[in-house]
Amino acid sequence: MSGPPPPTPPLPSWAQPKPSGVPTEGSTLDQRYEAFIGPRWPTYRKKFAPFFDEPRFQPTWNWAAALFSPAWFLYRKLYLPFLFFVMAPSIALGILWKGEPPKATDVTANPQLVQDFQLVLLGVQLSVMVLAGGTANYLLFRRARAAIALAEQRAPDIETLELILSRLGGVNLTGVVVLLALSIVAGIVMAGGGS
């Protein structure tokens, strides 16, 4: 005889679904992140969702950081990652190529050398793009979380707290314009020096 099926045993605590830690719209925490991130907070609320649930690194994707690195890191006031992504391609290329780019005398002796160098350069650039795009959201989340914790300790009232967060966060458009101008000047100088 078959009776009713046995009851399903409950899931252990580690397998239970976790409640979402994403701040609800209009909550105090939501307002603090909005003050730090700025008008793009609704977009970043979705991008930060995995980190609110588990605040450790998880790869997510940020197209702007991948395509415009290191400028995106400067724009978002992530200065240490900006420096890393400025220096990383040169360091990686130096390690992989073991020296300088091929010289004209090397190229005439071995034309394949230019193609090899270009392939290594492309690999380095793509790797840096993937690294930047995959870590950008997490780095911004960590900075926002740290800034909120610091501002909450220092601010005597809500208005001051929001002012501190908006100054610590937001964007650095001036830095990006200066970087772009310096890049253009450097390009002109290098093009003039090669003539």
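These legends accompany several close-up views of a predicted model.

**View 1. The whole chain is built from helices, with nine helices and zero strands.** Let us start with the overall picture before zooming in. Following the sequence from start to end gives the pattern α-α-α-α-α-α-α-α-α. The chain has 195 residues, and 28% of them count as buried. Among contacts with a separation of 6 or more, 69% join residues 24 or more positions apart.

**View 2. Helix H2, residues 41–53, bends by about 45 degrees at lysine 47.** A proline, proline 50, follows lysine 47 within four residues. How far apart are the end C-alpha atoms of H2? They are 17 Å apart, which agrees with the 18 Å that 13 residues should span at 1.5 Å a residue. The buried residues of this helix are Trp41, Tyr44, Arg45, Phe48, Phe51 and Phe52. Their cover includes helix H1 (28–37), helix H4 (71–75) and helix H7 (112–154).

**View 3. Helices H1 and H7 pack with their axes 10 Å apart.** Two of the helices that help to cover H2 also meet each other, so here is a look at that pair. The angle between H1 and H7 is about 115 degrees, and the two helices are therefore roughly perpendicular. The crossing of H1 past H7 is right-handed. On the H1 side, the contact is made by Arg32, Tyr33, Phe36 and Ile37. H7 contributes Leu140, Phe141, Arg143, Ala144, Arg145, Ala147, Ile148 and Glu152.

**View 4. Helix H5, residues 79–97, has a kink of about 35 degrees at methionine 87.** The kink in H5 comes shortly before a proline, proline 89. At 1.5 Å a residue, the 19 residues of H5 should span 27 Å, and the 28 Å between its end C-alpha atoms agrees with this. Which residues of H5 are buried? They are Pro81, Phe82, Phe85, Ala88, Leu93 and Trp97. After H5 comes lysine 98, with a positive phi near 55 degrees.

**View 5. Leucine 83 is found in helix H5 and is partly exposed.** Its relative accessible area is 43%; leucine 83 counts as partly exposed because this value lies between the 20% cut-off for buried and the 50% cut-off for exposed. How far is leucine 83 from phenylalanine 73, C-alpha to C-alpha? The two are 8.8 Å apart in space and 10 residues apart in sequence.

How values were computed: Residues numbered from 1 in each chain as written. Predicted model: local features only at pLDDT ≥ 70, side-chain atom pairs only at ≥ 80, totals over all residues. Heavy atoms only, no water. Expected span 1.5 Å × (residues − 1). Bend = angle between axes of the 7 residues up to and from the residue. Buried < 20%, exposed > 50% of the residue type's maximum accessible area, 1.4 Å probe, protein only. Contact = heavy atoms within 4.5 Å. Axes fitted to C-alpha atoms, helices over the stretch in contact; angles between N-to-C directions. Parallel < 35°, antiparallel > 145°, perpendicular 65-115°, else oblique. Left-handed = near helix turned anticlockwise from the far one by under 90°.
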